[in-house]
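Q: I'm new to this one and would like to learn how to read what surrounds a ligand. Can we walk through it together?

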Amino acid sequence: MSTPLLEVRNLKTHFISRTSRVRAVDGVDFSVERGKVLGIVGESGSGKSMTSLSIMRLVPGPQGQIVDGEILLDGKNLLKLTEREMTNIRGNQIGMIFQEPMTALNPVLKVGEQIGEVLTRHRGMNKAEAKKHAVELLKNVGFPRAEQIVNEYPHQLSGGMRQRAMIAMAMACQPTLLIADEPTTALDVTIQAQVLDLMRELKNRTGTAIILITHDLGVIAEMADDMVVMYGGQVVESGSADSVFEEPLHPYTRALLESIPVIDEERERLTAIPGTVPSAANFPEGCRFADRCSLVESSCREKMPELRELRKGHSVRCTLAV
Amino acid sequence: ATKPVAKHAAKHAAIPNGGTLVQTFPTAFGANLIPFMDASLYTATADSYSFDPLLQFNQNGQLTPDIVQKYWFSPNKKTIYFQINPKARWSNGIYITSKDVELGVDWLASNSYNNTYQGQYGYLVQNIVGAAKPLPDGTTPSGFKIISPREFSMSMNTPDAAVLSSQWATIDPLPYYVLGKIPMSQWKNSAFNKMPSVGSGPFVNVSIIPGQSITQKANPYYLFGKPHIAYNIWKVISPNVVDGDLASGQVTMAGIQAKDVNKIKQVPNLSLSIQPSNGFSYLGWRLNNSVYGKEFSNVKFRQAVEYAINRSALVQAIDKGYGKPENGPLPPINFWYNKALNNTYGYSPAMANKLLTAAGFKIGKNGWRTTPGGRPFNPTITISSGDSVIATEATFLKQFLDAIHVNVKILPPINFNTIISQLGSDTNGKQPIQGFFLGWSLSTDPDPRGLWRSTDNLNATTIDWTNTKDPAVALNDKLIHLQHSAAAFSIPYRQKILNQWQTLLNQQLPENFLTMDDTITAYNKNLHGVVFSPYGALYPNRWYLN
Amino acid sequence: MDANHTPQSDILLELTGVKKYFPITGGVLRRTIGAVKAVDDISFTLRKGETLGLVGESGCGKSTTGRVIMKILDPTAGTIRFDGRDITKLSGRALREMRQDFQMVFQDPYSSLNPRMSVGALVAEPLIVNKKGTREQIRDEVERLLQVVGLSPEARLRFPHEFSGGQRQRIAIARALALKPKLIVADEAVSALDVSIQAQILNLLADLRKEFGLSYVFISHNLAVVKHVSDRVGVMYLGRMVELADKAKLYSQPLHPYTQALLSAAPEPKRNVTRDRIVLAGDVPSPANPPSGCAFHTRCPKVMDVCKSQRPELTAYGDGQLVACHLYA
Amino acid sequence: MYSLTSGAVIETQKPSAANKVKPVKSKSPTRLSLERFFRNPLAVSGLVIFCIILFLTIAAPLFTHFSPSTPDIMNTDSPPTALHPLGTDGSGYDNLARVLYGGRTDLTIAFVAAFAQIVLGVIYGGISGFFGGWVDNILMRFVDIMLNFPFISLVLVLEAIFNTSSMWMLVLVVSITSWPGTARFMRGVFLQLREQDYVVGARTIGCSTWRIIFRHMLPNSTSILVVLTSFTVAGYVGINAALSYLGLGVPPSTPSWGGMLNSYSDYLSLKTEPYAWMPPALMILFTILSVNFISDGLRDAFDPQSKA
Amino acid sequence: MLSYILRRVLGLIPTLFVITVIVFAFAHMMPGNAFQAMLFNPHIKNGGALYKKLLAENGLNQNIVVQYFDWIRNLLQGNLGNSYTYQEPVSQLIATYLPNTLELAITAEVIILAFSIPLGLLQATRANKPFDVSTSFIAVFFYSIPGFVFALFLIFIFSFTLNWLPSSGTVTPAVPWSGSIGDRMSHLLLPALSLALPSMAYYSRLTRGNTLQLITADFIRTAKAKGLRNGRVLFRHVLRNAIIPLMTQFGFDIGGLFGGAVILEQIFTWPGMGELSINATLNRDYPLILGVTLLFAITVLIGNLLADILLAISDPRIRYN
Ligand SMILES: Nc1ncnc2c1ncn2[C@@H]1O[C@H](COP(=O)(O)OP(=O)(O)OP(=O)(O)O)[C@@H](O)[C@H]1O
Ligand SMILES: Nc1ncnc2c1ncn2[C@@H]1O[C@H](COP(=O)(O)OP(=O)(O)OP(=O)(O)O)[C@@H](O)[C@H]1O
Ligand SMILES: [Mg+2]
Ligand SMILES: [Mg+2]
């Protein structure tokens, strides 16, 4: 296989203020293959969004800083680029969609203008061309009335439609990578199914690789080729989706899978994970899951376990896993 | 008082012509500019520059020729004959004739004029035979006769020594060839009313910006010669910035307050004129007040108050010395002032205390005097709002009265309109006012009619002394009658009567006379030739700028 | 109907023909020009000790149903009977008395607790306003309640902002339990929580149910969660109940095309389960202007002509599975 | 492979690390806000300045033995002397005494008017927002009407009707003309609060209307109220000065900064008598500035998200 | 939108009705009336009779309710009556004075918006940097100074000391360039600035706050994720949204500016509505009081309406509701 499309190595994104240092992303490694879907799961606050924003170099400043690591897109380290060079990559080589379709679109600009903007910026089109192209893009994401939609404002669209418009916008320049940060969390199941379908279809059509961030293991199971499980700003497990679902190696991944009710099987009692996610401002020494882990040993609290490749292409950050 | 400036210098150097004079109004002027049309003081002032009266007063308050160059009385003193100056012309060169004077008289006598809100100057012609009541528009009173284009006469029913100086002299001729064509009922809406474009005075209007300014230019045909100054502008300027405008030269001449005199003296380009004024302030008492009317009616009380107040100190404190104590109903500046009144009621708390004690106002346990009946005596004094000097003066009055154990309370200042209305409502039994602090301003002639007689309509309100049963009131009325009777054509006689009248009021003190404040004018040093007087800055035609 | 199977005394809650319309005003004179039919003719019963799950997409009227039951909203039409008593028209003191028997847990644990009251005060408040005991008794009771929901009694002295979402939800539950209610309406009580925490709360709710014999109306859009907690499940669409059945039947053999689509669309955390996914086209229509006939006909893959004009009634099919669809008429 | 045991019947929450170190009695949100406030240097300096001003005003007799309301007729318009460090004014009042005592008037007007405005506005707006519906409709109509009133004219009219001009008059006029804005604002706040889950929740546990208003809604609007009040106070410190300019302020015998500033507000006085007008001007300025800083600080403290 | 405007206008009628009733009642509660002073003028012949005549002529001898409805009837015929003191139709007075006040208020608004929005944006993009801190301090400072004090200082500096700008009036009388654009502007500058400054400070604070909030908004992140450059993000995405709350504020303020002009009009001898309304009240000039109040209320409404329209233009969410 050739080099991966995107490689993230030892990424550290911290929020630094006079009184505290929030280690939102704390040494994350993963890679995305061309044309594949990488799913990232993890609880709220585990650093999923910050990881994706770090790739875009859109971490909210001035406190948020990428303090270490490399992000290689096609072998090119994004962290070394100037801000100006980076703007050429955003929206062009990497597209991004966000969780809240309600707020992710500018309420005062027409949908068509917002999509067209990407094209005028990166494809050098004039406004009229951009608008015409926007209609095409909207048709591609399944809008029957695309000609009207370009002249409408976001609030005139339903949640699902907005998310599709967002996708059209992110895909406008046919990026090689699409980062989708919880694209369906705010949507209803039936609409979620539509959007996921659409993403799959687009991926197949354009060969765009996707980073799909979610906390819904179901969505990952359905969509992802590879997956990464994050906890406390770190990757605790990564591998192909098949192998992780088949044999979850990390206690956290296991607990996660057992703690959710599933339609297809009857669970008398859910296996709850006690306690709460540790605060990113105040991580314990050693394994960050130790406090909640049912298998915890004293050694767990002493030293941070390394991410080890335990099976082929399947790594885990746990000393106990074998 | 400052001497008229630069009379002699003018003779040596040639007087320069041209320039613009800027004078100020503190608030907006009225929008009706036909003479006597508007009650606004400022409109009248502006009008006085563009319309000359029949006769004018000089700096000593005496009548001198103006449009009328000569006048004489018939032997029975009932008719006055007038002769118009042959040089008198309107600003467009047309000569002023008896017809123009007649129009002026007709206007003042007309229904249209008298039945409007502003018709207050109708009294100027009321003594002309046939004009006792307002006449239909355009009717000439039978007492007015045109003898020739330049001669006319006016008659009265009974000889009146004051009528010329206090009334007829001030009548303005009006341009017949303009206004004669317009029915008087329409004058108000005429273009001439919005801006009289011809006049007989030294300056005629050239443009008016409502609420802001009146621009006047020199009248080339002015009777006493074309003024040296080319333009005269009346500008409305807030009092807070007037001094700055004076200092920066944007305003040429403006009245200022006494407290500013020393500051103005430090401004290099300004001169000052300090002139006595023809008016005074007083402390009045409602003699018919239901609470303390009886006490106020006691002349000893009022005399005690007059002794108790250090009026010289008031002049020092309030007017920075630019003023005089006031002893009677005429200010010391007045030609007819009775000099014998000088120094009556010198500051003497001892006298005041003696008088009050004699009248039965005993000092109670709390240190304050009670009424002779033994009730607490805590009169209030009402003052009007809008001028901080008034409030200051009132606090001083309180201090002086405190010193003679009279516990007065100064009420919060209220609007002048409200005071007037409350003074009026006294008669209805509702008497919110006990003591009050106001002022009078006088016209040039001292004629006390209209105000001081028991038959005058104002007596019900401010001078309610004339309504009392006091025997002195009859004497007062008699003296007022005598001062304008036929005998009063003799100046010494009139002086004698007026002296008696002033003495009477000085003794009776219908109100407590306080002070006469000087009028202080600051003007740019490049303005010359102004004749300052208690009656204003005279003869604008002689002024010049360099 | 299925109420027939149960003796009347077993029924805790009964909704009959309940409607809730929100007026839409407009025009020059702000007249009512229409209505949002948030809940449009819903009937169901809840037995004592039973949990009824309500699922449906956003805006279908789940919360409104919950609020109508709670008497936070007055129904536009229909009757609500609680414990054999008609509470539809109840108000004032009588209502307040009655209210102790049914309590609510809200979705967002961040906004459902008054941030300016300490946890102790929050949990004590229902006891105080309903005058349940002396100060000391109330204090003891608060500590007991906190322990019941798995918090330490010291939590009493802290303020909500010091707790995580799951802990706050526990506080909210303690507060709801304070008055020993018979019914708890849980409106998306776990939706805002992380999956790991969600399980804690679901377990807690199950334990409480066992311990206190509670009944729940459990509102959620998560089919798996609803299945896990409920005995019976009602599926709502645009203000109407389209299917209501025992959970086993509903999940194994959904009748209504909408229920089928919903179930097929729910992603499962399992690899390689091949399901026949029914992807519905289009969006949910607006409840202000619902389609004629069957409200689902605009998206239904099995639509028939009759669906467009006639509104199907909720009728029993097979053994007591209630469904509102012309396919089963 | 390992097996995960299910937890106890009811999992007891393990106290998190953050909670462990904390003392048992923890800080209320208000307390935390105040702590944030006191960490804000600008706000604290504002508070200090304001306290100094307040002290100067209240303890005025300590700094001058002159009475601000007894004029000295023999000594008017005096420049600064040893006896009168700031000179005397046209009425012979000692300027220093006037400055010190004057704050009482201005601050009383500002505080009482602000307080009255807030109380009226909160009650009115609160009722309107809480009950909503037709009550709200009618009440807000009236607010619209009141908002349309020309303030200055109303001052004139009321002074004429009540036949007085005094500090309390001013307070009255200011309060009755300015509450509608507050009412409208508070209505919005209450409308919002009304929909909050915890308010709805309070109803479901049987709280009475009053309890809901006083225990749940008001405490949660205090932060807004505190900020609103302080901004309102700042707004009113200068009002007497402005009205004095039109001759509508407190009577000249009552000492007030506004009145002093006003009596020196002409070109020559500004130029030649800075010793007389600077002190009241600075007092007004510093009061408003400090109150503004305090308000800003309070807002940031109560609502750390807003950076405005 | 049209129906909205219509509703607002119709909704105003009862408001105006109540306002005029209250004002009318208040006006008549003031002691004295416009003609009473005549009774005390020693020079007027038959003052009493004339007084009665004037009362009758102006309907003041009638029942106050009748008077009010007379006024309404005249109003419906487009007649605002005659001012007692100015002796001119009220409508004509308003026509003379209103344009001046409008000129002042509108110029002030323009100054406010033109300066405070960019300033607020700049401050927000440099939040907590020296530029922001210093300009914010200055803003609070200006916000703290009473407008009239500021006016006096402006006059002191620009008019008296530097002699650059006139201190009063709307035009220079008696010069060839009187009334020219330049002349008018030079007169307008100081009063408009004095009127604008306190609000300018406030508006820039508001813009700054809005912008700071917007900078973290999701859709701004979206815009950045599209690769847009900073300038475009700021001016196209942030600014358009930042002005929305300003529009609402603007609506509230316009009436305030109108009323706030009263004092400045006095200082700058600006012949506007302020003077008219004060004189009307002092002189118990009922028709003028009512006329001015009516106009004031209508202005406030138009201001609000205008703000609503601007709001709708800048915020499509409102436009389509
Ligand atoms: N602006 C910020 N300042 C300080 N800390 C922040 C900031 N933004 C995020 N964090 C912290 O960074 C950590 C990671 O946040 P992130 O948004 O990446 O989580 P996430 O996994 O996306 O969670 P979610 O599922 O809730 O979106 C969290 O602990 C959060 O508190
Ligand atoms: N107070 C209200 N006024 C007007 N309309 C309302 C009100 N409350 C709810 N609605 C409308 O009623 C419909 C049903 O709302 P409801 O909150 O019951 O839905 P839901 O099923 O709980 O949705 P979600 O899953 O989003 O919570 C929605 O269209 C909503 O907009
Ligand atoms: Mg996230
Ligand atoms: Mg809901």
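A: Sure, let's start with a single contact. In this predicted model, an oxygen atom of ligand 2 lies 2.7 Å from a polar backbone atom of C:Gly59.

Q: Which polar atoms of C:Ser58 and C:Lys62 does ligand 2 approach?

A: To read a polar contact, look for N or O atoms within 3.5 Å of each other. For C:Ser58, the partner is an N or O atom in the side chain, 2.7 Å from an oxygen atom of ligand 2. For C:Lys62, a polar backbone atom sits 2.8 Å from an oxygen atom of the ligand.

Q: How much of the accessible area of ligand 2 does the protein cover?

A: Here you take the area the ligand has on its own and ask what share the protein covers. Ligand 2 has 630 Å² on its own, and 62% of that is covered.

Q: Which elements give two or more residues to the shell around ligand 2?

A: Both belong to chain C: strand E2 (31-47) and helix H1 (62-69). H1(C) gives the most, with three residues.

Q: And how many residues surround ligand 2?

A: There are 13, and the closest include C:Ser63 and C:Thr64. Sorted by type, the shell has five nonpolar, five polar and three charged residues.

Q: What confidence does the predictor give the complex?

A: For the whole complex, look at two scores: the ipTM is 0.77 and the pTM is 0.79.

Note on methods
Residues numbered from 1 in each chain as written. Chains lettered and ligands numbered in written order. Predicted model: local features only at pLDDT ≥ 70, side-chain atom pairs only at ≥ 80, totals over all residues. Heavy atoms only, no water. Near = heavy atom within 4 Å. Polar contact = N/O pair within 3.5 Å; in protein donor to acceptor, adjacent residues only side chain to side chain. Areas by Shrake-Rupley, 256 points an atom, 1.4 Å probe, with all protein chains shown as cover. Helix = DSSP H or I, 4+ residues; strand = E, 2+ residues; numbered from the N terminus. Nonpolar A, V, L, I, M, F, W, Y, C, P; charged D, E, K, R; others polar.
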